[in-house]
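Reader: Please take me closely through one part of this model, residue by residue where that helps, and then place that part within the chain as a whole. I would like a careful account that I can follow with the structure open beside me.

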Amino acid sequence: QEQVRLLERAAELKVLVDKGEVLGCTTSASLVLPLTHQVLLLMQSAERLSATTSLTSPQVTELLSLAWRGVALGGGGDVKSDVLSEECVELLTTLQSSWRLS
């Protein structure tokens, strides 16, 4: 169930990131960062529950890549987004390290 929520949120994020990158539009940027953060928290939760075994390596790589793109697109602008960006980067770094080790 955790994995289903993760993949659903990731699909939503992918649409926003793809659209934002193509259009260079900042309107979706305010939505991208909170959703990126949510996806990362779900990934962290899935990892703790050892649900990552049901995620394939390409899926994990794609999710991490998507999250980096989300941070790049949604970062900057105001203090709130800067703080959220930092949290996302910390989560990403931790998740990348732990998945590389497992």
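**A close look at one helix and its surroundings**

Author: Leucine 41 is found in helix H2, and this residue is a useful place to begin in what is, it should be said at once, a predicted model. With a relative accessible area of 39%, leucine 41 is partly exposed, because that value falls between the 20% limit for buried residues and the 50% limit for exposed ones. Leucine 41 and leucine 91 are separated by 50 residues in sequence, yet their C-alpha atoms lie 7.8 Å apart in space.

Leucine 91 appears again when one turns to histidine 37, which also lies in helix H2, the stretch made up of residues 29-48. Leaving aside residues up to four places away in sequence, histidine 37 touches Leu84, Glu87, Cys88 and Leu91. The relative accessible area of histidine 37 is 15%, so this residue counts as buried, the limit being under 20%.

The two residues just described are four places apart, and a general point applies here. An α-helix has 3.6 residues a turn, so residues three or four places apart point the same way.

Helix H1 shows how burial can be arranged around an axis. Its 22 residues, 2-23, should span 32 Å at 1.5 Å a residue, and the end C-alpha atoms are indeed 32 Å apart, so expectation and model agree. The buried residues of H1 are Gln3, Leu6, Ala10, Leu13, Leu16, Val17 and Gly20; because they cover an arc of only 150° around the axis, they sit on the same side of H1. On the other side of H1, Val15, Val22 and Leu23 are exposed. After H1 comes glycine 24, which has a positive phi, near 60°.

Helix H3, residues 57-74, can be checked in the same manner: its 18 residues should span 26 Å at 1.5 Å a residue, and the 26 Å between its end C-alpha atoms agrees with that. Buried residues in H3 include Val60, Leu63, Leu64, Leu66 and Ala67, and also Gly70, Val71, Leu73 and Gly74.

As for the whole chain, its secondary structure consists of four helices and zero strands, following the pattern α-α-α-α along the sequence. Of its 102 residues, 40% count as buried. Among contacts between residues at least 6 apart in sequence, 77% join residues at least 24 apart, and the contacts of histidine 37 with residues such as Leu84 and Leu91 can be read against that figure. The chain exposes about 5900 Å², of which carbon and sulfur atoms supply 58%.

Notes:
Residues are numbered from 1 along each chain as its sequence is written. This is a predicted model: local features need pLDDT of at least 70, side-chain atom pairs count only at pLDDT 80 or more; totals for chains, interfaces and linings use all residues. Side-chain values use heavy atoms; hydrogens and water are left out. Helices (H or I, at least four residues) and strands (E, at least two) are DSSP runs, numbered from the N terminus. The expected span of a helix is 1.5 Å times one less than its number of residues. Buried means under 20% relative accessible area, exposed over 50%, partly exposed in between (1.4 Å probe, protein chains only). Contact means heavy atoms within 4.5 Å. The arc is that of the directions from the helix axis to the C-beta atoms. Accessible areas come from the Shrake-Rupley method with a 1.4 Å probe; for residues, only the protein chains shown count as cover.
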